[in-house]
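This report examines how two protein chains are arranged, how they meet, and which surfaces face the DNA. The sequence and structure are shown first.

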Number of protein chains: 2
Amino acid sequence: MKTNSKQPASAAHQTKGKVTLEMVAIEAGVSPSTVSRILNGTAIVSDDKKNAVDQAIQKLGFSPNPVARGLAGGRTMSIGVITQAIDSPFYGAALRGIEETFEPAGYSPLFVSGHWNAAAEVRCLDMLKSRYVDGLIVLTGRLPNDTLARFAQHMPIVVTGRTMDAPNLFSLNFDNMLGGKIATQHLIQLGHRQIAFITGSKEHPDSVERLNGYKAALEAAQIRFDPKLVVQGEYHEVSGLLAVERLLDSNKQFTAIFAANDQMAMGASLALHRRSLRVPDDVSLIGFDDLPASMFGIPPLSTIHQPAFELGQIAATSMLQLLSGKQPDAVVPEPHLIVRESSRRFRG
Amino acid sequence: MKTNSKQPASAAHQTKGKVTLEMVAIEAGVSPSTVSRILNGTAIVSDDKKNAVDQAIQKLGFSPNPVARGLAGGRTMSIGVITQAIDSPFYGAALRGIEETFEPAGYSPLFVSGHWNAAAEVRCLDMLKSRYVDGLIVLTGRLPNDTLARFAQHMPIVVTGRTMDAPNLFSLNFDNMLGGKIATQHLIQLGHRQIAFITGSKEHPDSVERLNGYKAALEAAQIRFDPKLVVQGEYHEVSGLLAVERLLDSNKQFTAIFAANDQMAMGASLALHRRSLRVPDDVSLIGFDDLPASMFGIPPLSTIHQPAFELGQIAATSMLQLLSGKQPDAVVPEPHLIVRESSRRFRG
DNA sequence: TTGTAGGCGTTATCAG
DNA sequence: CTGATAACGCCTACAA
């Protein structure tokens, strides 16, 4: 809990007429440049002047104007954040993590949606550049690596959902393959051998990684991979529902389903329910992401926890480090299994 | 050092080096002020100059710098949006509506979270003002009306979740009372007479309105209002779950539950499930909001549809109108009932 | 109708 | 170390 107990001195809270840097300079009896230098730590200034300025700042309740800063080539104190849908239940938590870690640092995030569309993301990029953001956080998306690398020449970038190496850029990847493997292993350990997999959108790299994890787990358990058990989804509820219906209609036997995300798992669950198949009694189900809502599904959904909130925090922290010239070294937590009530031992 | 070298105008679409208004002016053979005037429609300019400028803009791929605009006192083309939690499943849709309607208009929203906390919202306000947003959209929250009215002197404001009248301010309210009434009536028409109500957070005005609707419906049906059937929740899943447990433990009889929002309904549903009470066979359940996920609950949740996405669109549209000097006249759609599978006729 | 000259609040580049 | 003096890119009087 941050209490931000930084109330400016006396009548400063009035904040009415804007206080400018120049006013501070006059009040402190120094030049504007000196004030600026103190504010930005751009150069060393004598202690007495520094004190005088600090006091003047307190007294007047001055706070630098980010817009003017932007124009003058300084820092805007704003970071562009390209998410893919502003209302995504998954990225939502990441945005919160970003917001919360930037706030105490005085930075404000600028959220824009890329809609999983490279062209749209490029537009976001231009918009953000025109607004002089100090840095950029890209939550996955489809921008080509080299576009990102090129952009990183202008401002620091933190990207998630991929691993790449470029100057002034830090990437944060989550081990989707491992997550997929863990989920599948869980089902296998429960005695399931006919495990269906609902994929995410074809173009999503993480979906294919999760599929790879599924295959790896199968192979490790010497279960033959059967393409007929793989059905295409698109990462949202209806697609999960439809996928299961197709699966059912195909008459392919299965005793468990691994959905590449929780939203599809929810859809799958409903499809099963409609056909009078009970979860987990008749078929076990596991999702991926651990959305807040998954805990309250009926039954509560077993899933792979993905640390979206922490991911946001880490991305923001890394950005802060980049901004201050340090090399970030954070690492995304490993996926881990959350066993709830949608999966259980297979009894033939 | 910049030698003021003109761009040879050809590779303009490259958008590389920033194109300034001054460059456009030179290209078109007019003065910067003329270009500005054309851009902002500030004054009448001769057709030929206008054409020349338009062409120059096309050719150079010019687009005005919002930061410079902000500093110079013009429009930043950005609108502050105070939402309450950036990852709220309910407001998420509204944000999307806002984003989508602003985009084609060239405005970009600045999303900040107020956390249902007046002090935090005031900080957001200051932050947004310092960033020279052209307008402000406030999604409910707890800011006092007069604070809003005062702020509206500086910039147009659109508020949701309340009805108030002030110059340069437009308010959009949803009929929560009616919604609550409709939900309760639905249950009553199904034959239920012992209907529990799970409230939202105490301080939320919409929660008490929904409760009022509940009471009104009861009264209209000549059912005595019983305070013991009202349990306190806090608008999130766990609180709904806990509320139902308390209700069950109180041994108070009931055959249906109306939860003041879908999230609590989900929690309630799980609590019922844990006690082996089936929805809707043993108890009918209805929520409020119609979250995207509610359609995929088990069973799919009956609820009151609240047009969050449209609300966002309407708020943004109204802002656009305010910005162009028109008086908004939009009105929020009325609540309506969505009957799904969590409610059914009572059979004693 | 159109151009010129300031100025918006900071930072950066020079001299001292 | 510190202080003038330009920018930054645009808008808005004021003049012409």
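## The sheet of chain B

In this predicted model, B:F197 has B:V230 as its bridge partner in β7(B). That pair belongs to the junction between strand β6 (residues 195-198) of chain B and β7(B), where two bridges join strands that run parallel.

The wider setting is an open sheet of four strands in chain B, ordered β7-β6-β8-β9, with parallel pairing. Its edges are held by β7 (230-231) and β9 (284-286) of chain B; each has a single partner strand, so one side of each is left without a neighbour in the sheet.

## Strand β8 of chain A and its partners

In chain A, strand β8 spans residues 256-259. A:A256 and A:F258 point one way from this strand, A:I257 and A:A259 point the other way, and all are buried. In general, side chains in a regular strand alternate between the two faces of the sheet.

β8(A) pairs with strand β6 (residues 195-198) of chain A in the parallel sense over four bridges, and A:I198 stands opposite A:A259 of β8(A). β8(A) is also joined by three bridges to strand β9 (residues 284-286) of chain A, again running parallel. Within β9(A), A:I286 is the bridge partner of A:F258. Helix α11 (residues 262-274) of chain A combines with β8(A) and β9(A) in a right-handed β-α-β unit.

## Symmetry and the contact between the chains

What operation superposes chain A on chain B? It is a rotation of 180 degrees with 0.0 Å of shift along its axis, giving an RMSD of 0.1 Å. This is the relation of a two-fold axis. Of the interface residues of chain A, 97% are also interface residues in chain B, so the copies meet through the same surface.

The contact takes 33 residues from chain A and 33 residues from chain B. On the side of chain A that touches chain B, at least two residues each are supplied by α4, α5 (89-102), β2 (108-113), α6 (118-130) and α11 of chain A. α5(A) provides the largest share of that side, six residues. By class, the side of chain A that touches chain B has 17 nonpolar, eleven polar and five charged residues.

## The surface near DNA strand C

DNA strand C is surrounded by 30 residues, of which A:L21, A:S36, A:A72, A:G74 and B:V45 are the closest. Two or more residues of this surface come from each of α1 (21-28), α2 and α4 of chain A, and from α2 of chain B. α2(A) gives the most to the surface near DNA strand C, with five residues. Its residues divide into 14 nonpolar, twelve polar and four charged.

## The surface near DNA strand D

Around DNA strand D there are 31 residues, and those that come nearest are A:V45, A:S46, B:L21, B:A72 and B:G74. Chain A contributes through α2 (32-40) and α4 (66-72), and chain B through α1 (21-28), α2 (32-40) and α4 (66-71), each supplying at least two residues.

Which element gives the most to the surface near DNA strand D? α2(B) does, with five residues. By class, the surface near DNA strand D has 13 nonpolar, 13 polar and five charged residues.

Key:
Residues are numbered from 1 along each chain as its sequence is written. Chains are lettered from A and ligands numbered from 1 in the order in which they are written. This is a predicted model: local features need pLDDT of at least 70, side-chain atom pairs count only at pLDDT 80 or more; totals for chains, interfaces and linings use all residues. A residue is near a molecule or strand if its C-beta atom, placed from the backbone, lies within 6 Å of it. Ala, Val, Leu, Ile, Met, Phe, Trp, Tyr, Cys and Pro count as nonpolar, Asp, Glu, Lys and Arg as charged, and the others, Gly among them, as polar. A residue is buried if 20 or more other C-beta atoms lie within 10 Å of its own, exposed if 12 or fewer, and partly exposed in between; C-beta atoms are placed from the backbone. Two strands pair if DSSP finds at least two bridges between them. A crossover is right-handed if, with the strands pointing away from the viewer, the path from the first strand over the helix to the second runs clockwise. Copies are superposed by least squares on the C-alpha atoms of residues with pLDDT of at least 70 in both. Two residues are in contact if their C-beta atoms, placed from the backbone, lie within 7 Å.
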